[in-house]
Amino acid sequence: MKGITTTIFTHLEKLPAVSETNFFHSRELFAISTKTPRMKPYMVVCTDESGKVLSQLLAIVRYRASILPPYFFMHCRVMGEGEYISSDWRKEDLFGEMLQALTKKMGSKTLYIEFSHLTQKTFGHKLFRQQDYFPVHWMSIHNSLHSRLPEERINEKMQQRIDNAYARGLTTEEVKNEEDFKAFTKLLHQHHWFKPKRYIPDNQFFKEAAKTDSCRLFVTKYQQHVIGCSVCVYSQGDAYLWYAAFRRKTYVMLHPDTLTIWHTIKYAHQNGYNHINFMDVGLPFRKNSFREFILSFGGKPVSTVRWFRCSIRWINGLLSWIYRD
């Protein structure tokens, strides 16, 4: 587009002065990803003729490998449609420039590119189609924290479950020492061991994120044993539950999942955040036990889409036909 220059940065020291408003497209997350093994950040930046930053979009390439089942591939993940600093240009025009540049850059480097957590379901539909992306319907849930107390959104049975857990000695607190951090990462990886579709970053990612003001790591304990954990990110006045894990089967009567999620919600409310968003409740199947569990805290389900593009042309064509509108 005339008057706009689009550049992709992969080194922190060369990154221009970008906006830090949106954590998911910030220098902060770029730096965290740079220090994390098997991750590589790509910051797409649009500038005008004077060099002023107009928009930015952070994409993170993840290297995924496993022995059982055996596989190795890379995929590119973008969360949201980016950050827009200038109001002199249409948001869709800037996004189109960044999307085209990123898609060309990735090429056959990654197995697929995924865009998730767009603020509007219809945003960029034509632009994605032009770059051969296909949409997959998804679900998201968010709880409002500003209009009613969290206690007013749950039923009596849930409140009794929470009260009983506290009475039996369960506590949820922020990770503050190396012992808790090791227990946190161990539980997180064990919980997702048989869920290869769920990507869990290297421990260094969480260690670096916990050093910032934008992220908190929580652990739920019973008799000094960590039986639940969660990762929450804070950006633009909202909270985002990014990862969570629980030992539900071993401690079924203690409900560590309930107390972990409850504490995460309460922390966000007590610190003045407007909403808490649950970032991965999955595909919109009619029956989804995790989605129903999250909804029991009084949240609102919202139908969204995620856009995908596979680098293998015939597979991308097949999936585009399967997930056609």
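**Exercises on strand 7 and the largest cavity**

**Exercise 1.** Determine which strands pair with strand 7 in this predicted model, and in what sense.

*Solution.* Strand 7 pairs with strand 13, which spans residues 300-310, in the antiparallel sense and over 9 bridges. Within this pairing, W138 is found opposite T304 of strand 13. Turning next to strand 12, residues 275-278, one finds that it also runs antiparallel to strand 7, to which it is joined by 4 bridges; here S144 has H275 of strand 12 as its bridge partner.

**Exercise 2.** Decide why strand 7 can be described as largely enclosed by the rest of the structure.

*Solution.* Take residues 134-144, the 11 residues of strand 7, and apply the cut-off for buried, which is under 20% relative accessible area. Because 8 of the 11 residues are buried, strand 7 is largely enclosed by the rest of the structure.

**Exercise 3.** Characterise the largest cavity by its volume, its lining and the strands that contribute to that lining.

*Solution.* A search of the whole structure for cavities of 30 Å³ or more returns 1, and the space in the largest cavity amounts to about 80 Å³. Its lining includes F24, L58, I60, R62, R77, M79, W242 and Y243. Sorting the lining by character gives 10 nonpolar residues, 2 charged residues and no polar ones. Assigning the lining to strands, one finds that strand 3 (53-66), strand 4 (71-79) and strand 11 (238-246) supply at least two residues each, and that strand 3 provides the largest share, with 3 residues.

Definitions and conventions. Residues are numbered from 1 along each chain as its sequence is written. This is a predicted model: local features need pLDDT of at least 70, side-chain atom pairs count only at pLDDT 80 or more; totals for chains, interfaces and linings use all residues. Side-chain values use heavy atoms; hydrogens and water are left out. Buried means under 20% relative accessible area, exposed over 50%, partly exposed in between (1.4 Å probe, protein chains only). Two strands pair if DSSP finds at least two bridges between them. On a 1 Å grid over the protein atoms alone, a cavity is a set of points where a 1.4 Å probe fits but cannot get out, and a pocket is an open set with protein on both sides within 12 Å along at least five of seven lines; lining residues have an atom within 4 Å of a point. Grid points are joined across faces, edges and corners, and a volume is the space filled by probe spheres set on the points. Ala, Val, Leu, Ile, Met, Phe, Trp, Tyr, Cys and Pro count as nonpolar, Asp, Glu, Lys and Arg as charged, and the others, Gly among them, as polar.
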